[in-house]
Each structure stands twice: as C-alpha cells, then as structure tokens.
Amino acid sequence: MRAVITVTGKDTVGILAKVTAVCAEVNVNILDMSQTIMQDLFVMTMLADISNCRTPFAEFADKLKKCGKEMAMEIHVMHEDIFNSMHRI
Amino acid sequence: MLNNNDILETIQMIREENLDIRTVTLGISLLDCADSDIDKACSKVYDKITRLAENHVLIGEKIEAKYGIPIINKRISVTPISMLMAAVTSSGNSGGCVKFAHALQKAADTVGVNYIGGYSALVHKGFSAGDRELILSIPQALAETSKVCSSINVGSTRAGINMDAVALMGKIIKESSETTANNSCFGAAKIVVFCNAVEDNPFMAGAFHGIGEPDCVINVGVSGPGVVRSAISKPEMAGADIGQIAEVIKRTAFKITRMGQLVGTEAARALGVPFGIVDLSLAPTPAIGDSVAYILEEMGLEKCGAYGTTAALALLNDAVKKGGVMASSSVGGLSGAFIPVSEDAGMIEAVKSGSLSLAKLEAMTAVCSVGLDMVVVPGSTSADVVSGIIADQAAIGMINSKTTAVRVIPAIDKDGRNMEAGEILEFGGLFGSGPVMEINNFSPAKLLQRGGRIPAPLQSLKN
C-alpha cells in the first residue's frame, strides 16, 4: 500500500530530516520525492510504501501532522488511490 | 510518480474549498421484518438495522482517515415504513405507527448514525393499507424523535398526482411545524413531499430504501459547490465563454465523483454489501463559499435570482451530470444541483436582498434537482396554500419526468407567534438559517377539495 505525503509551509532548516525520521521510526519506506519552493512556500511531495508500517495508518498520519505542527508546516498523508482515481481516467 | 499539481489540487479542494463526501448511506430492506404484531415488528426492525449497520460508522471513520477526505454524515435509509404498517393494519390492528419511529430512532442511536430515513409512504396512485395511518402519525413521530426523517411520494409521471395526498400533506406539514414550534419548527424540516421519488437517494430528509433495491446496499452522496465555484473563478476563466464554463464544471464534477466512487466501493467492500450508486448532487452547506448560489453569481449574475438564473442553473445541473456520469460505474439518486435556501449562504443573501423570490425558485426547480427545498414561509400560511405549493411542484416533476420535492417550513417562533416575511428562522448546523419568504396567499382550497387524481400526462407531443 502506498501513501502520498505532502508538506507545505514556510521553508526552514531540517524539514526533510524531521519528516523522514518519523517515517523511519515506523518502518515506512520512501519511494520517491520531489521538492520545490514556490515563491516563499516550501512544497514537498513524497510517495511512501506503508505496507510494513508498524502503526495503524491513522496513527502514522497523526504523528506526521504533529511533526508538521512543531515546524509550523502542514503535512497531509493520504492513500495514493485518491489521487489516482481523481486525476487518471 | 503522481503529478505534483494534481496532488496539491486535491489537497486544496479538501482544505480550502470544502470538498467532502456529504453522506455514506446504508440502505436496508425491512420487508422481512413485517409482522401483524407491531411490537414484534419493531423489535425485528431494531435487530436488523443494528446487525447490518453495526460497523457502518466505524468503517466510515476508517476510510476518512485513510484517504484524508472528510465524510460528513453516515446515515441509514430503510424500506418505507408504511409497508410494514400495512401488515399491522390489515390484520385488524391499528394505531401505534409511531412505535416504528421510536424503533428507528433507537436503532440510529445504537449504531451512531445522525439520520435515518424511511418513515415514508408511496401514495402517488392511491392509499393502501398502512399509508394513511403512517401519514397521520408523521407530526407526532417527528416531534418525538430527532433522527427520523419522513418522505411521501404524491405523484409520478406514470401515475399522475394523487390530489387527496397533496391536500393531506399540507395539513401534515403545518401540524409538524406547530408540534415542533419550540424547536425551530424542525419537524417540518424533516418531511419531504416528492413527485417521482427515487429509490436510491442517499440524501436526507428524502432518503428511503426502495423496494426494487437489494437487501442491503451502500449509496454515496458527494458534494463540492465550493470546488466548482473556485474552478470557474480562476483568473484564466475571466474571459471564458459559456461553453468553456460548462467544460470546466464537467471536469471538476468528474474529479469529485471519482472520489465518491472510490469511497463508496471501499465502504461497500468493508461492510460486505453491494455498492449501489454515487449521487452527483452539488449539496451546499452554510459554510462560507460552499454555495450553489455563488457558482451562479460567479458565472456572471449580479445576484442569484436575477433573470438568467434559471439558464445558468440549467447549464450547471447538466454539466455536473455529464462530468459525473463518466466518472462512476453507477450514478443514481437525485444527481443535480440542490438549492436548499436555508443551507446556502448565497441563497440566504439573495432572499434578504430581495433578488430571490419564491416564484423564481419555482422556475429554478424546473431545471435542477430537487425542488423547493428548505424554504421558510410565514407561520400564518394556510394548509391549503402549502398543498397548492406541493401540487405545483409535483406538476413540474410529473410533466418534465424528473424528481421534484417540497420541503417548506411554516415558521412559528418559540412563543407560538406566527413569524412574518423578512424574519429569520434559525435551525443551526447543516440546516442553516432560513429567511421567511413572501408568499401568495390566495386560496387553492376549492381545487384541493375536489380530491381525486390528476391523470398521468401524455408522453408524446412534447411542447
């Protein structure tokens, strides 16, 4: 099962490190990622394999959300199917 | 890898533009619960609903977390209760239909859904055993329960309009409003009078589980007026012609519907029941921006209700269907744009500013689903006038082969005073607040007293 993690907010030091640390902690493997700065806004999207995640999905999402809050960033984790179904025919 | 812009677009739709799954409704057939002993029937009803819907809310919440998409309501629709009441009355027993409403309420409380629909009767060609008894019990049933919703089908394109039922429903709506006057006349907000009612509608208050449906089925209602409005308000759409507007609405409706399809199939799989339909309706909420009226205004109307509103709404309704039909394996329910006045910030403003009248709303119902919805009228409105409104709506539905509905609320304040045009009746929550609208009080009494049935219309020579 794969999930899409999106991180948006004001650019700061250590965003990637903190997000990947949370993933590593619960055994989530990052498959792909991209990052851009649009004007001042930091935007990062990651595709992660969560099939071996050690915690339930909702808990993992909460952890990341909390991690985001600490950096004043917004982090969303959503199953990749929602994007596939909305944007692919 | 998915396209970044697509990902961000989805997140923005959910975060900023109020995109959500409005309702996941579990339809449950209660035909096997019929019993000549009403108490036995009620206990069978309770048992069946709590057994089949035990995990309904839990599964909904799990899907919400998995996809990060809010599912606002988890609901249940059941077989029209009049059919169960028929078994009771035909065996010589009578009275106590309200017991079914209490059984439904208890079951809804146990499984944790917020509404349960199906305190209903289908009387478009006439009353059968149980129908009249159920209808007469509606005011009491809705006053004594909080989650039970009622709907009555009084007409259809194939049967015509049952004018006896129309006359009766005017009285029932008045009475429901009076018995719940201390609760914002909420009883009347839980009754819908239909023409051409659909069997798989997931939206309240008009949801019931039709007799052609399987034993248990999942139907999903999506929403997203905010998303559509935002799509057509983008700077690049400023000079777009009306055909381009229709294209953008289609594309947006496609995306919204795909999400509904995904959630519906997932919920059906988790519950082990068949997936029914996605209802494509654009359902507004009082939240800022989540308004159908604002979409119409974004298209270029100074205010919703101006001349041109019916045309803009016709385009919107049709484009939503065209986009949605391709996105789902099975589209059904009411599918269109809802125009409930009290639930739509733009409609409320339009009424307050004098732009939107009841007459214009009536014209709008001819081109969209569903009808005069959540319209608050003065408390002094007579039952006959309410019946007249129902008859007109039913006629629009019957002739145009579409569903129409009436949900009007005669406004009475907590002290029992009839509210007048211009005042505001507050419902709170998703039901919003309704400005009392001006009404034409000339009487249709004699027409109603004639009784009988308006014959079914001709299906050719369409002009």
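This is a short walk through chain A of a predicted model and its contacts with chain B.

Okay, housekeeping. Residues count from 1 along each chain as its sequence is written, and chains are lettered from A in the order in which they are written. As the model is predicted, local features need pLDDT of at least 70 and side-chain atom pairs count only at pLDDT 80 or more, while totals for chains, interfaces and linings use all residues.

So, chain A. You've got 3 helices and 4 strands; those are DSSP runs, H or I of at least four residues for helices and E of at least two for strands, numbered from the N terminus. Going along the sequence, the order is β-α-β-β-α-β-α. The C-alpha trace spans about 35 × 30 × 20 Å along its principal axes. The radius of gyration of chain A is 13 Å, which agrees with the value near 12 Å for a compact globule of 89 residues; that's over C-alpha atoms, with the rule being 2.2 Å times the number of residues to the power 0.38. And 31% of the 89 residues count as buried, meaning 20 or more other C-beta atoms within 10 Å of a residue's own, with C-beta atoms placed from the backbone.

Now the helix pair inside chain A. The axes of α1(A), residues 15-25, and α2(A), residues 57-70, come within 10 Å and cross at roughly 160°. Axes here are lines fitted to C-alpha atoms over the stretch in contact, with angles from 0 to 180 degrees between N-to-C directions. That makes the two helices roughly antiparallel, the word for anything over 145 degrees. Who's touching? Lys18, Val19 and Val22 of α1(A), with Lys63, Leu64 and Cys67 of α2(A). Contact means C-beta atoms, placed from the backbone, within 7 Å.

On to chain B. Here 21 residues of chain A are in contact with 19 of chain B. Which element of chain A gives the most to that side? It's α3(A), with 7 residues. Others supplying at least two each include β1 (2-10) and β4 (73-79).

Last bit: α3(A) packs on α1(B), residues 4-15, at about 100°, axes 10 Å apart. So that pair is roughly perpendicular, which covers 65 to 115 degrees. From α3(A) you have Ile82, Phe83, Met86 and His87, and from α1(B), Asp6, Ile7 and Thr10.

Terms used. Parallel < 35°, antiparallel > 145°, perpendicular 65-115°, else oblique. Contact = placed C-beta atoms within 7 Å. Buried ≥ 20, exposed ≤ 12 C-beta atoms within 10 Å, placed from the backbone.
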